[in-house]
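Here is a short set of exercises to work through with the structure open beside you. Try each task before you read its solution.

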Amino acid sequence: MPGAMIETSAATYESHQIAKTEDLTEAEKKELKSELGKLEAEIVTLRCALAAKERRCVELKRKLYLTALVGLRQNLSKSWHDAQVSKAYMKQKTSAALSTMGSAICRKLGDMKKSATFRSFEANPNGEGNRTQ
C-alpha cells in the first residue's frame, strides 16, 4: 500500500500476530505451541548452562586473583630482599648507624662537659690547683 506506515513496535507486532492466529488451523496452532514449548525448554537449558559457565568464570577469576596475589607477594618479598642486600641500602644503613653512633657520642660528651669533674678541668686547664699569685 502506498503511503502506509510500517510500525515496528512490539505491541503492534503482537496485535498483528494475534489477529493472524485467529486465521490459523488447529494443526498449525498445535505445531506453534509445540515449537513454543521446545523454545522455552531450550531457554531454560541455556540459562542453566550460562549460570554454570558464570560460576566457573567467577571461580577461575578467584583462582587467578589468588595466584596473582601470591605472585605479587613473592615479587615484593624478592624486591625487598634485593634492596636490603644492595650496596646502596647497605651504605644507607651504615650511614644511619654511624649517624646514630655519632649522636650518641656527642650526647655523652655533652653530659661529660656538664659534669663537675670536667668543669674543674676546664677551670684549671694545666691541672694545677687554685693558686693566687
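**Exercise 1. A nonpolar patch**

Find the residues that form a nonpolar patch on the surface, and work out whether leucine 76 is buried or exposed.

*Solution.* Step one: a note on the source, since this is a predicted model. Step two: the patch consists of Tyr65, Leu66, Leu69, Leu72 and Leu76, and together they offer about 500 Å² of accessible area. Step three: take Leu76, which sits in helix α2, spanning residues 26-85. Step four: its relative accessibility is 55%, and exposed means over 50%, so leucine 76 counts as exposed.

**Exercise 2. The fold and its surface**

Describe the secondary structure of the chain, then state what share of its residues is buried.

*Solution.* Begin with the elements: the chain has four helices and zero strands. Along the sequence this gives the pattern α-α-α-α. Next, consider burial: of the 133 residues, 1% are buried, where buried means under 20% relative accessible area. Finally, look at the surface as a whole. The chain has an accessible surface of about 12700 Å², and carbon and sulfur atoms account for 62% of that area.

**Exercise 3. A salt bridge at the start of helix α2**

What separation along helix α2 do glutamate 26 and lysine 29 have, and how exposed is each of them?

*Solution.* First, the pairing: glutamate 26 and lysine 29 form a salt bridge, with 4.0 Å between the closest N and O atoms. Second, the spacing: the two are three residues apart in helix α2, so about one helical turn separates them. Third, the exposure: glutamate 26 has a relative accessibility of 61% and therefore counts as exposed. Lysine 29, at a relative accessible area of 30%, is partly exposed.

**Exercise 4. A network of salt bridges**

The structure holds four salt bridges. Which residues are linked in a network of salt bridges?

*Solution.* Start from arginine 56, which forms a salt bridge with glutamate 59; their closest N and O atoms are 3.0 Å apart. These two residues are three places apart in helix α2, which means about one helical turn lies between them. Now move on from glutamate 59: a salt bridge also joins this residue to lysine 63, with 3.4 Å between the closest N and O atoms. Glutamate 59 and lysine 63 are both in helix α2, four residues apart, again about one turn. Put the two bridges together and you have the network of Arg56, Glu59 and Lys63.

To finish, check the exposure of each member:

- Arginine 56 is partly exposed, at 42% relative accessibility.
- Glutamate 59 is partly exposed, with a relative accessible area of 28%.
- Lysine 63 is partly exposed, at 41% relative accessibility.

**Exercise 5. Cysteines**

How many disulfides does a search of the whole structure find?

*Solution.* The search finds zero disulfides. As a second step, compare the surroundings of two cysteines. Cysteine 57 is partly exposed, at 37% relative accessibility, whereas cysteine 106 is exposed, with a relative accessible area of 55%.

**Exercise 6. Confidence**

Which helix has the lowest mean pLDDT, and which the highest?

*Solution.* Take the chain first: its mean pLDDT is 78, and 77% of the residues reach 70 or more. Then go element by element. Helix α1, residues 10-21, has the lowest mean at 54, while α2 has the highest at 89. Last, turn to residues 1-8, where pLDDT stays under 50 and the model has one contact beyond four places in sequence. Where pLDDT is low, the predicted coordinates should not be read in detail.

Definitions and conventions
Residues are numbered from 1 along each chain as its sequence is written. This is a predicted model: local features need pLDDT of at least 70, side-chain atom pairs count only at pLDDT 80 or more; totals for chains, interfaces and linings use all residues. Side-chain values use heavy atoms; hydrogens and water are left out. Buried means under 20% relative accessible area, exposed over 50%, partly exposed in between (1.4 Å probe, protein chains only). Accessible areas come from the Shrake-Rupley method with a 1.4 Å probe; for residues, only the protein chains shown count as cover. Patches are made of residues with over 30% relative accessible area and no salt bridge: like charges are joined within 9 Å, nonpolar side chains (Val, Leu, Ile, Met, Phe, Trp, Tyr) within 5 Å. A salt bridge is a side-chain nitrogen of Lys or Arg within 4 Å of a carboxyl oxygen of Asp or Glu. A disulfide is a pair of cysteine sulfur atoms within 2.5 Å. pLDDT is the predictor's confidence in each residue, from 0 to 100. Contact means heavy atoms within 4.5 Å.
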